[in-house]
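Visitor: Could you walk me through this one? I'd like to start with the metals and then look at how the helices pack.

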Amino acid sequence: MVLKIKDDIYWIGVIDWDIREFHGYETPSGSTYNSYLIKDEKVVLIDTAKHYLVDELIMGIGKVVNPEDIDYIVVNHVEMDHSGSLEKIVEISGAKIITNEKAKEHLELHYNTKNWEFIIVDSGEEISIGKRTLKFIRTPMLHWPDNMVTYCKEDKILFSNDAFGQHVASSERYDYEIEDIFNHAKEYFANILLPYRMLIPNVANALKDLEIELICPSHGGVWKEKIGEIIEKYVEWSSDNVENKAVIVYDTMYKSTHKLAYAIAEGLIDSGVKVKMYNTSETPLNTIMAGILDAKYVLIGSPTLNTNVYPPVAKFLKYMEGLKPGKKIGVAFGSYGWAEGATEVIKEVFKKLNFGIIEDECLTCKFVPKEEHLKKCYEFGKNLSTKDI
Ligand SMILES: [Fe+2]
Ligand SMILES: [Fe+2]
């Protein structure tokens, strides 16, 4: 698919309808690898696609120009979802690579770059490609140390690479056409950019000086009518502000921890706290993280198995630990048989993440909780928002 987004500027990305896993991120809606082509005195390709879609990418380029005629390839980011097709396209075109020093170093660690020609740019540098000027702004750690964005001054387009992306495969290209685009963008933020969120305000600041008519990310839809909103959302998501919302994440062996979870949830709902509950065996980790992003309370429940946490919960805890969400109030709960263990493991993770911890004796239960115990769990949920840490 090819779409003209401005005169002589084209979206020529590849839609990956089939991808369901992206470095631990489940992608039930697929994804896209967005490349862009600018036809000026120089023909410029901005970013490429995963290696297994190189033929589709070259076919798209061929609808606009002869792929041999590409003069420059801008590499905003070396991760292989954007650089995987480079070797073949450089081989066909002999194009020079425009990138920064760090990205060059990363490219050399990924590919045989011996015969590649590089034009190295620093943050703020500009290159004329004819009628147009491309300006490069470094955005390290959004998503890797090598990241940068490219701004086309005359057309007021920001090619933002991973920033502002969404994992969604769609035949539609613009923000106003893609269903649930903000939910896709939020999930992407919570699972890709969250650990580096403290850098977002600087980027938002740098963008304030640019007139932007289109934000063209490297995944998902192009922002055209909702640019102000998505920048605002990024500032909000990176702020660590929370809603009066609890996310309960749990798993269960014989329904005992399940009963505790449901009783606590009921109490929370009755106290007016918004609740989301996820079973770790049934829910993608990334869906849970999107829920946690703006939640005040994170309640994690696990049965004890061999004095440890239940494996699907352990997987989630490791995932969450790496993403370093902002400060929350943490509650650990779960049933056990002859020895406790799971809640201690959960609390250790809360401590590493600097969560406040609320404890109560009703939160653990030997074998099966009786009605009296569940009443206490209900009361605990009902009163949680009044407790101090
Ligand atoms: Fe990336
Ligand atoms: Fe990416």
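Guide: Sure. Before the metals, one term: donors here are N, O and S atoms within 2.8 Å of the metal, and water is not among the atoms, so sites may look incomplete. Also keep in mind that this is a predicted model.

Visitor: Which residue bridges the iron ion (ligand 1) and the iron ion (ligand 2)?
Guide: Start with the donor lists. The iron ion (ligand 1) is held by His77 (NE2), Glu79 (OE), His143 (ND1) and Asp162 (OD), while the iron ion (ligand 2) has Asp81 (OD), His82 (NE2), Asp162 (OD) and His219 (NE2). The two ions lie 3.5 Å apart, and the residue coordinating both is Asp162.

Visitor: How far are the protein donors from the iron ion (ligand 1), and what is their spacing in sequence?
Guide: The donors of the iron ion (ligand 1) lie 2.0 to 2.3 Å from it. Reading along the chain, the spacing of those donor residues is H-x1-E-x63-H-x18-D.

Visitor: What is the arrangement of the four donor atoms around the iron ion (ligand 1)?
Guide: Look at the angles, which run from 81 to 170 degrees. To count as tetrahedral, four donors need all angles between 85 and 135 degrees. With that spread, the arrangement around the iron ion (ligand 1) is irregular.

Visitor: And what about the arrangement around the iron ion (ligand 2)?
Guide: Its donors sit 2.1 to 2.2 Å away. The angles they subtend go from 86 to 174 degrees, which makes this arrangement irregular.

Visitor: How many residues apart in sequence are the parts tied together by His82 and His219?
Guide: The donor residues of the iron ion (ligand 2) follow the pattern D-H-x79-D-x56-H. His82 lies in helix H2 (residues 80-83), and His219 is in the loop between strand E16 (214-217) and helix H7 (227-237), so the pair ties together parts whose separation in residues is 137.

Visitor: On to the helices. Are H8 and H12 parallel or oblique to each other?
Guide: Helix H8 (residues 256-270) and helix H12 (residues 371-383) have axes 6 Å apart and pack at about 40 degrees. H8 passes H12 in a right-handed crossing. Given that angle, H8 and H12 are therefore oblique.

Visitor: How many nonpolar residues are in the contact of H8 with H12?
Guide: From H8, the contact includes Leu260, Ala263 and Ile264, and from H12 it includes Leu374, Cys377 and Tyr378. The contact residues divide into three polar, four charged and, for nonpolar, eight.

Visitor: How many polar residues are in the contact of H1 with H3?
Guide: The axes of helix H1 (residues 54-62) and helix H3 (residues 86-93) come within 10 Å and cross at roughly 40 degrees. Val54, Asp55, Leu57, Ile58 and Ile61 of H1 meet Lys88, Ile89 and Ile92 of H3. That contact has six nonpolar and two charged residues; for polar, the count is no residues.

Visitor: How is H5 oriented to H9?
Guide: Helix H5 (residues 181-193) and helix H9 (residues 285-292) pack with axes 8 Å apart, at about 95 degrees. That angle makes the orientation of H5 to H9 roughly perpendicular.

Visitor: Where is Phe367, and what is its phi?
Guide: Phe367 is in the loop between strand E24 (364-366) and H12. Its phi is positive although the residue is other than glycine, with a value near 55 degrees.

How values were computed. Residues are numbered from 1 along each chain as its sequence is written. Chains are lettered from A and ligands numbered from 1 in the order in which they are written. This is a predicted model: local features need pLDDT of at least 70, side-chain atom pairs count only at pLDDT 80 or more; totals for chains, interfaces and linings use all residues. Side-chain values use heavy atoms; hydrogens and water are left out. Axes are lines fitted to C-alpha atoms, for helices over the stretch in contact, and angles run from 0 to 180 degrees between N-to-C directions. Helices (H or I, at least four residues) and strands (E, at least two) are DSSP runs, numbered from the N terminus. Angles under 35 degrees count as roughly parallel, over 145 as roughly antiparallel, 65 to 115 as roughly perpendicular and the rest as oblique. A crossing is left-handed if the near helix is turned anticlockwise from the far one by less than a right angle, and right-handed if clockwise. Contact means heavy atoms within 4.5 Å. Ala, Val, Leu, Ile, Met, Phe, Trp, Tyr, Cys and Pro count as nonpolar, Asp, Glu, Lys and Arg as charged, and the others, Gly among them, as polar. Donors are N, O and S atoms within 2.8 Å of the metal (3.2 Å for Na, K and Ca); water is not among the atoms, so sites may look incomplete. Four donors count as tetrahedral if all angles lie between 85 and 135 degrees; four count as square planar and six as octahedral if opposite donors are over 155 degrees apart and all others between 65 and 115; anything else is irregular.
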